[in-house]
Amino acid sequence: MLEQLPEGLVTPALVVDADVLDRNIARMAEAARTGGFALRPHAKSHKCAEIAGRQLRAGARGLSVATLSEAEAFAAAGVDDLFIAYPLWPDESRARRLRRLADVVALRVGVDSVAAARRLGDAVRGDRWRVAARGANT
């Protein structure tokens, strides 16, 4: 655990104790393995390719993100499995971006209503997308 900030550090600055970070990542990865589920940790708090890489190397299947822009950034950093956890209301431009992203990563998008699911379906209709309807508990 870091007891003191490094000399000469200009604040505000993000300081991460890599040992604590790696222990937390390992603990979460082990919980996922033991529980038999695929882990896609949410990256909205760190938004950092280096931390994402540590999570993936520890066994995370992919990442959860909050926005299409975050998904694009992590895809550009090499993450190939992404879940956009917050519902999108795609216009034509966002629909094109979603289709491009789906061409390069395994992409999942959460919805919170029938209307949002219809809007998403209409936005990508006619594409190669495989749409799977699932209940709220699956």
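## Loops, core and salt bridges in a predicted model

K47 is found in the loop that runs between α1 and α2, and its phi is positive, about 45 degrees, although K47 is not a glycine. Everything described here comes from a predicted model. With a relative accessible area of 54%, K47 lies above the 50% limit and is therefore exposed.

The loop between α1 and α2 also holds R40. Not counting residues up to four places away in sequence, R40 touches R61, G62, L63, S64, D81, F83 and R108. With one of these residues, D81, the side chain of R40 makes a polar contact through the side chain, at 2.8 Å. D81 is also engaged by R108, since these two form a salt bridge whose closest N and O atoms are 3.2 Å apart. This pair links distant parts of the chain, as R108 belongs to strand β3 and D81 to strand β2, with their positions 27 residues apart. Is D81 buried or exposed? D81 has a relative accessible area of 7%, which is under 20%, so D81 is buried, whereas R108, at 36% relative accessibility, counts as partly exposed.

### Salt bridges

Across the whole structure, a search finds nine salt bridges. Three of them are set out below.

| Pair | Closest N to O distance | Location |
|---|---|---|
| R33 and E30 | 3.4 Å | helix α1 |
| E50 and R54 | 3.0 Å | helix α2 |
| R108 and D81 | 3.2 Å | strands β3 and β2 |

R33 and E30 are three residues apart in helix α1, which is about one turn of the helix, and E30 counts as partly exposed at 40% relative accessibility. E50 and R54 are four residues apart in helix α2, again about one turn of the helix. Both members of this second pair are partly exposed, E50 with a relative accessible area of 44% and R54 with one of 23%. E50 and R54 also take part in a network of salt bridges that links them with D22 and R57.

### Helix α2 and the core

Helix α2 covers residues 49–57, and among its residues I51, A52, G53 and Q55 are buried. Which elements help to cover them? The cover includes α1 (18–35), β1 (63–65) and α3 (68–76). After α2 comes G59, which has a positive phi, near 125 degrees.

In soluble globular proteins, nonpolar side chains tend to be buried together. The largest nonpolar core of this model contains 18 residues, and those with the most contacts inside it are F74, L82, I84, L98 and L107. Two or more residues of this core come from each of β1, α3, β2 (81–84), α4 (92–102) and β3 (106–109), and α3 gives the most, with four residues.

### The segment before α1

The segment before α1 contains both L5 and P12. A cis peptide bond joins T11 to P12, with omega about 5 degrees. On the surface, L5 forms a nonpolar patch with L9 and V15, and together these residues have about 220 Å² of accessible area. With 47% relative accessibility, L5 itself counts as partly exposed, because the value falls between the limits of 20% and 50%.

Notes. Residues numbered from 1 in each chain as written. Predicted model: local features only at pLDDT ≥ 70, side-chain atom pairs only at ≥ 80, totals over all residues. Heavy atoms only, no water. Buried < 20%, exposed > 50% of the residue type's maximum accessible area, 1.4 Å probe, protein only. Contact = heavy atoms within 4.5 Å. Patch = residues over 30% accessible without salt bridge, like charges linked within 9 Å, V, L, I, M, F, W, Y side chains within 5 Å. Areas by Shrake-Rupley, 256 points an atom, 1.4 Å probe, with all protein chains shown as cover. Salt bridge = Lys/Arg side-chain N within 4 Å of Asp/Glu carboxyl O. Core = buried A, V, L, I, M, F, W, Y, C linked by side-chain atoms within 4.5 Å. Polar contact = N/O pair within 3.5 Å; in protein donor to acceptor, adjacent residues only side chain to side chain.
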